[in-house]
Amino acid sequence: MRIAIIGAGVAGLVTAKVLTQAGHRTDVFDKTPDVGGVWSRTRRYPGVTTQSPKAQYSFSDFPMPAHFPEWPDGTQIQSYLADYTAHFDLEPMLRLNTEVIAASPTTDGTWSVEYRDTTGTRTTQVYDRLVVANGVFCEPALPAFDGLAEFTEAGGQVCAGTEFHDAEQARDRSVLVVGYGKSACDVAVPISAVAARTDVIARQLLWKVPRRIGGRLNFKMLLLTRLGEGLFRYIRPRGFERFLHGPGNGLRRRMINSIGTVSIRQLGLKRLDLVPEGAMEDIVRGAIGLATEGFFEAVTAGAITVRRDRTIEQLLVVDGKPAARLSDGTVLPADLVVCATGFTQGVPFLPEKVREQLLDERGNFMLYRQILPLGIPGLYFNGYNSSFFSPLNAELAALWIAADLAGAVTTPTPRP
């Protein structure tokens, strides 16, 4: 079969590799000039590193170089993916600097894909199948700030974290970093090294786990093992039942909250007034955030100020200079506002009718095994099951897609 893959990041590359090895012909489209997806040089912000240790962020058949640090930076990950591409001879499949602008199902079950290159030339080709691998971190979600036009006219600048590529953009400027997730904390550190002042505007504090518990024990030994699996409320691995739910009931909660206690002490959260509300147990109900190296040290030194439980209420101009008013009434100088405020999972190239079938009332993708949209023939997704083991998840999904194409998978009947 001839298969189009949208996205040349982790999921797109491994899908191309697996499907090519299965005998299919693939074309991989990406609007960036290089492979890597979120790791492309067009999207990397200074300070970005993996959240997963390198062994957990490697493909099963292509380990990362031994000289890479435990948490590689963005440049290293992009080079790793470029080497992966070369090793498995994927370059002939790549259609870089090429944006898919429309992909529509045809009456015979194939897909018509229209794409545009950097010259503006549009081309349409028909493919037997389509794999969407543009990822959960596809398009940055920017807040709609009141007063943006006047703020910009006064010389102020607002950008997404993925648009901030060089810390020198912040030199001697007053910078607001919006958000308190990993990317916000990551980018705040290099900014604080050159900016006149750096304020992090945190609508809600999140729990952070030290990369090394007690300064020595890698967090993966606690949270990315069978022990960590037992900390999740609805997971009951064999042999853990009595340990977690027998005599001494509540042990799971105490174990998790003890990590919270270590985090408070090790990161100095109480002294900095940065202890999140609630208990550390809440961390297993959502994303686990690693503490950025140097972040809390910079807060301690006064290089970064965290404005907790606040938002930007309005961008404005004060005495001819750009500024921002926070939700508590505080007015801060703001030459540059860097928004690390999450992403939208967009598929604008798909027809509206297809998007209506894909999404529930809250805008979440309805995918069997996070791969297959039931009732839409010939369409697959890969990379929509994010975790600490993203490359391995993508590899498994690619193998599942190959098995389905071979007729070796039984799938449920779509609901009417």
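Q: Let's start with a strand pairing: which residue is the bridge partner of isoleucine 312 in β18?

A: It's leucine 326 that pairs with isoleucine 312. Keep in mind as we go that this is a predicted model. The general idea is that strands of a sheet pair through backbone hydrogen bonds, either parallel or antiparallel. Here, β17 (residues 312-318) and β18 (residues 321-326) are antiparallel and share six bridges.

Q: How many residues sit between β17 and β18 in their hairpin, and which residue there takes a positive phi?

A: Two residues lie between those strands, and aspartate 319 has the positive phi, near 55°.

Q: And β18 with β19, in which sense do they pair, and over how many bridges?

A: Antiparallel again: β18 and β19 (residues 331-333) are joined by three bridges. You can check the register residue by residue: arginine 325 faces valine 331, and alanine 324 stands opposite leucine 332. The β18-β19 hairpin has four residues between its strands, and glycine 329 in the turn shows a positive phi of about 95°.

Q: What is the strand order of the sheet these pairings build?

A: The order is β17-β18-β19, an open sheet of three strands with antiparallel pairing. β17 and β19 are the edges: each has a single partner strand, so one side of each has no neighbour in the sheet. From one strand to the next, the twist averages 30°.

Q: Where is threonine 330, and is it buried or partly exposed?

A: Look in the loop between β18 and β19. Relative accessible area is the number to read, and at 25% threonine 330 comes out as partly exposed. Its side chain makes a polar contact of 3.0 Å with the side chain of aspartate 328. Beyond four places in sequence, threonine 330 is in contact with Arg307, Ala324 and Arg325.

Q: How far apart are threonine 330 and isoleucine 312, in sequence and in space?

A: They're 18 residues apart along the chain, and their C-alpha atoms are 9.5 Å apart.

Q: Now a parallel case: which strand does β10 join, and over how many bridges?

A: β10 (residues 174-178) runs parallel to β11 (residues 197-202), with five bridges between them. One of the pairs to look for is valine 175 with threonine 198.

Q: Why is β10 described as largely enclosed by the rest of the structure?

A: Count its buried residues: five of the five qualify, so the rest of the structure largely encloses the strand. Then look at the side chains by direction. Ser174, Leu176 and Val178 point one way, Val175 and Val177 the other, and all are buried.

Q: What should helix α11 span, and what is the distance between its end C-alpha atoms?

A: Take 1.5 Å a residue: α11 (residues 390-405) has 16 residues and should span 22 Å, and its end C-alpha atoms are 22 Å apart, so the two agree. Just after the helix comes glycine 407, with a positive phi near 75°.

Q: Which residues of α11 are buried, and what covers them?

A: The buried ones include Pro391, Ala394, Trp400, Ile401 and Leu405. The cover includes β1 (2-6), α1 (10-21), β7 (129-132) and β22 (379-381).

Q: Where is serine 58, and what does it touch?

A: Serine 58 lies in the loop between β2 (25-29) and α2 (74-87). Despite being in a loop, serine 58 counts as buried, because its relative accessibility is 7%. Leaving out residues up to four places away in sequence, it touches Pro63, Met64, Tyr80, Pro391 and Leu392. There's a polar neighbour too: a polar atom of the serine 58 side chain sits 2.7 Å from the backbone oxygen of lysine 54.

Q: Which residues touch the most other members of the largest nonpolar core?

A: Among its 71 residues, those are Leu81, Tyr180, Ile191, Leu274, Phe295, Phe296 and Val306. Apart from that core lies another, of 23 residues, including Ala103, Leu350, Leu358 and Leu379. Back in the largest core, phenylalanine 296 has contacts beyond four places in sequence that include Tyr180, Leu267 and Leu274.

Q: Zooming out, how many helices and strands does the chain have, and what share of its residues is buried?

A: There are 11 helices and 22 strands, and 49% of the 416 residues count as buried. For contacts with a separation of 6 or more, 61% link residues 24 or more positions apart.

How values were computed:
Residues are numbered from 1 along each chain as its sequence is written. This is a predicted model: local features need pLDDT of at least 70, side-chain atom pairs count only at pLDDT 80 or more; totals for chains, interfaces and linings use all residues. Side-chain values use heavy atoms; hydrogens and water are left out. Buried means under 20% relative accessible area, exposed over 50%, partly exposed in between (1.4 Å probe, protein chains only). A polar contact is a pair of N or O atoms within 3.5 Å; within protein, one must be able to donate a hydrogen and the other to accept it, and residues adjacent in sequence count only if both atoms are side-chain atoms. Contact means heavy atoms within 4.5 Å. Two strands pair if DSSP finds at least two bridges between them. The expected span of a helix is 1.5 Å times one less than its number of residues. Axes are lines fitted to C-alpha atoms, for helices over the stretch in contact, and angles run from 0 to 180 degrees between N-to-C directions. A nonpolar core is a set of buried Ala, Val, Leu, Ile, Met, Phe, Trp, Tyr and Cys residues joined through side-chain atoms within 4.5 Å.
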